[in-house]
Amino acid sequence: LAAHEFMPEILELQAVSTFSTPSTWTVNTDRGPTQFVLKGEEDIRRLAGGTLLVTDSHGVGYRMREPRSLDRRSRRLLERFL
């Protein structure tokens, strides 16, 4: 069951390899730092309450509960993809 519920929360975007897709994202999550590949802008979905769901090239979902509460640099990087 834990494998089905695995959905790290992105706390900070550190870097993106390019502002076109596919791009490699370097992020800090509630489970530690990681990198993943975003295949396309359609892999960022808006959910109820302003939450975003970012799905990587392997199908792993990353949650962003409050994108507006991210630090300024993270918001600027994210805005390029929304």
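**Surface.** I started with the solvent-facing side of this predicted model. The chain exposes about 5200 Å², and I noted that carbon and sulfur atoms supply 49% of that area. Next I looked up burial: 37% of the 82 residues in the chain come out as buried.

**Overall dimensions.** I put a box around the C-alpha atoms along the principal axes and got roughly 35 × 25 × 25 Å. Then I checked the radius of gyration. A compact globule with 82 residues would have a value near 12 Å, and the chain has 12 Å, so the two agree.

**Contacts along the sequence.** I wanted to know how much of the contact list links distant parts of the chain. Taking contacts with a separation of 6 or more, I find that 36% of them are between residues 24 or more positions apart.

**Elements.** I went through the secondary structure and have 1 helix and 6 strands in my notes. Reading from the N terminus, I get β-β-β-β-β-β-α, with the helix coming after the strands.

**The sheet with β4, β5 and β6.** I traced an open sheet of 3 strands here, in the order β4-β5-β6 and with antiparallel pairing. Which strands stand at the edges? I find β4 (44-46) and β6 (61-64) there; each has a single partner strand, so one side of each is left without a neighbour in the sheet. I also looked at the twist: neighbouring strands of this sheet are turned by 25° against each other on average, direction ignored.

I zoomed in on one pair. Strand β5 covers residues 52-55 and runs antiparallel to β4, with 3 bridges joining them. For the register, I wrote down that R46 stands opposite L52 in β5.

**T29.** I picked this threonine for a closer look. T29 sits in strand β2, which spans residues 23-29. Buried or exposed? T29 has 8% relative accessibility, and the cut-off for buried is under 20%, so I count T29 as buried.

What does the side chain of T29 reach? I found the backbone nitrogen of R31 at 3.0 Å and the backbone oxygen of G32 at 2.7 Å. Both of those partners are backbone atoms.

I then left out the neighbours within four places in sequence and listed the remaining contacts of T29. On that list are P8, E9, I10 and L11, along with T34 and Y62. Y62 caught my eye, since residue 62 falls within β6 (61-64), one of the edge strands I had noted above.

Technical notes. Residues are numbered from 1 along each chain as its sequence is written. This is a predicted model: local features need pLDDT of at least 70, side-chain atom pairs count only at pLDDT 80 or more; totals for chains, interfaces and linings use all residues. Side-chain values use heavy atoms; hydrogens and water are left out. Two strands pair if DSSP finds at least two bridges between them. Helices (H or I, at least four residues) and strands (E, at least two) are DSSP runs, numbered from the N terminus. Axes are lines fitted to C-alpha atoms, for helices over the stretch in contact, and angles run from 0 to 180 degrees between N-to-C directions. The radius of gyration is taken over C-alpha atoms; the globule rule is 2.2 Å times the number of residues to the power 0.38. Buried means under 20% relative accessible area, exposed over 50%, partly exposed in between (1.4 Å probe, protein chains only). Contact means heavy atoms within 4.5 Å. Accessible areas come from the Shrake-Rupley method with a 1.4 Å probe; for residues, only the protein chains shown count as cover. A polar contact is a pair of N or O atoms within 3.5 Å; within protein, one must be able to donate a hydrogen and the other to accept it, and residues adjacent in sequence count only if both atoms are side-chain atoms.
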